[in-house]
Amino acid sequence: MTPEDRLRQAIEARTSAVEPSAGALHRIEEKLMDTQRDDNRKRLLIGIGSAAAIIAVVVGALALTGDDDEPVATDGTTTTEATTTSTTEAPTTTTTEAPTTTTEAPFQGVDPDQPVFPDPTASRRFDDPVAAAAAFATDLVGFSAPVVGGFAQGDSRSGEVEVRGFAQGAPTTVLLRQLEDDTWFVIGAVTDSIQLASPASGDTITPPQSLAGMAYAFEGTVNVRLYVDGTQEPIAETFVTGRGDGVLGDFEGELQFSNDTGATHGVLVLSSEGGEDGAPIAAQVLRVLL
Amino acid sequence: MASMAPAFDHPAGAPIPPDLGSAHQAHYRSLVRLASLLVDDLGTCEEIVQDAFVSVWRRGPALRDGDRLPAYLRSAVLNGARSHLRHSQVARRHLQPVPDPTEGPEARPLAGDHDRVLAALRSLPDRQREVLALRYYLDLPEAEIAATLGISAGSVKTHAHRGLATLAERLEDLR
């Protein structure tokens, strides 16, 4: 008997002996109601928090103006809208449609050592970290339909957003920071399945640049792209091979490139593919100097 | 027990369509049986399947489309089983200093050939185990397995081939 036949017989024997309990539907309904109660509790807390924030802002505005008779309707209205927007959008950020808060602000200089996206030499800017993470996932990394999570605040000017290639995919954690112009930049991205050890973020790379680290990916293949500031297309591409069985395996490789534009800053993107469309599903992204 | 869903709003504000009962009727048993191929304890299997229904139902009506519902439920069950197995593996590492590599995280004392085969199946890597379970229990075509697991049809073939090869080796070793 072939292993396939033995497997079929074992599965048939096991599954035919399994009969679910009688009260399962009732149990599911109970769990759904528990979940709804939890959701309502969270909504109530968010509402209370929003109200407290509005009161705090209004009181602060009054204190700053130092004149209780001065109308504050404009400030109050603006603040209310902003707070409401952030609290109602937060639970629904796990969609593929990111908030569109991109602004084409006049160019303002930021320290170019940190941001990997958007290109600090261009004028594209983001007022919202989730929008920045979503645009980063599609425009730079190449996710076809990313599932973008909510913003997890770190300190007052930084935080993280988890992005997945598909709903049940492994997360790529996008690291964000609000830089000098008060807009949001991606300063890097990490994922469990790709761990580049050398070069590290902020390292100066020179051709041929050696690559070393650990990874697992479909058939072990991790694609490597190098972008430089001021250009849309990668100036160099290669791939390295880790392991394909779900266990981290060492990889080594070499990246040959020519810095024709004389750029001083670049972005290294290492990504693994898994979708039917060949789009990336996980990525590590870091800033490099040239 | 009436089979009507509780009449409350899900997080997006839309009422839950009253088809939980029929979905339960149509899919619950086969999902518990699917879970039982991956997880030994039947009570845990039922918990995993119930949580899968809850997960799909609270995400809104879009996931409950008649054609897509089975794939979403299967996917949620496999995720739940995987999560349970990982948790069990961590717990077992603390309890058993020298695990038997031929035993999966949910392996029982081997009583017969069927148990040996199931233990070998459960000892495979996640994706291989899931692909084989979907193929040989539900007889799903590659495209549906791919949709359920969120991988390409090519990956399904690869996982099935590797899984069967490893299974054959392990069963040979156990002779």
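**A friendly note on how chains A and B meet**

1. Let us begin where the two chains touch. In this predicted model, 35 residues of chain A make contact with 58 residues of chain B. The area buried between chain A and chain B comes to about 4200 Å², and carbon and sulfur atoms give 62% of that area. On the chain A side, the residues that lose the most area to chain B are Arg6(A), Arg14(A) and Leu32(A), together 17% of what that side buries. Keep the two arginines in mind, as they come back below.

2. Next, the polar side of the meeting. Between chain A and chain B there are seven salt bridges, and 13 residue pairs are in polar contact, both residues being at pLDDT 80 or more. Helix H1 (3-16) and helix H2 (24-65) of chain A each supply at least two residues of the side that touches chain B. H2(A) gives the most to this side, with 13 residues. Sorted by type, the residues of the side of chain A that touches chain B divide into 14 nonpolar, 10 polar and 11 charged.

3. Now have a look at Arg6(A). Which residue is its salt-bridge partner? The partner is Asp113(B), with the closest N and O atoms 2.5 Å apart. This pair crosses between chains, running from helix H1 of chain A to helix H4 (residues 113-122) of chain B. Is Arg6(A) buried or exposed? Arg6(A) counts as buried because its relative accessible area is 10%, under the 20% cut-off. Asp113(B), with a relative accessible area of 31%, is partly exposed.

4. Arg14(A) also reaches across to chain B. This arginine forms a salt bridge with Asp40(B), and the closest N and O atoms are 3.8 Å apart.

5. Salt bridges can also be found inside each chain; over all chains, the count comes to 19. One of them joins the side chains of Arg27(A) and Glu30(A), at 3.2 Å from N to O. These two are three residues apart in helix H2 of chain A, so about one helical turn separates them. Arg27(A) is partly exposed at 32% relative accessibility, and Glu30(A) is partly exposed at 33%.

6. Chain B has a pair of another kind to show you. The side chains of Arg82(B) and Glu130(B) meet in a salt bridge of 2.7 Å, N to O. Here the pair links distant parts of the chain: Arg82(B) sits in helix H3 (residues 69-95) and Glu130(B) in helix H5 (residues 126-136), 48 residues apart. Arg82(B) is buried at 11% relative accessibility, and Glu130(B) is buried at 1%. Elsewhere, salt bridges that share partners join Arg14(A), Asp40(B) and Arg122(B) into one network.

7. Finally, try turning the model to view helix H6 (residues 142-149) of chain B. Its buried residues are Ile145(B), Ala146(B), Thr148(B) and Leu149(B). Why do they lie on the same side of H6(B)? They do so because they cover an arc of only 165 degrees around the axis. The face of H6(B) turned away from the buried side carries the exposed residues Ala143(B) and Ala147(B). Just after H6(B) comes Gly150(B), which takes a positive phi of about 70 degrees.

Conventions. Residues are numbered from 1 along each chain as its sequence is written. Chains are lettered from A and ligands numbered from 1 in the order in which they are written. Side-chain values use heavy atoms; hydrogens and water are left out. Contact means heavy atoms within 4.5 Å. Buried area is the accessible area (1.4 Å probe) that two parts lose on being put together, summed over both. A salt bridge is a side-chain nitrogen of Lys or Arg within 4 Å of a carboxyl oxygen of Asp or Glu. A polar contact is a pair of N or O atoms within 3.5 Å; within protein, one must be able to donate a hydrogen and the other to accept it, and residues adjacent in sequence count only if both atoms are side-chain atoms. Helices (H or I, at least four residues) and strands (E, at least two) are DSSP runs, numbered from the N terminus. Ala, Val, Leu, Ile, Met, Phe, Trp, Tyr, Cys and Pro count as nonpolar, Asp, Glu, Lys and Arg as charged, and the others, Gly among them, as polar. Buried means under 20% relative accessible area, exposed over 50%, partly exposed in between (1.4 Å probe, protein chains only). The arc is that of the directions from the helix axis to the C-beta atoms.
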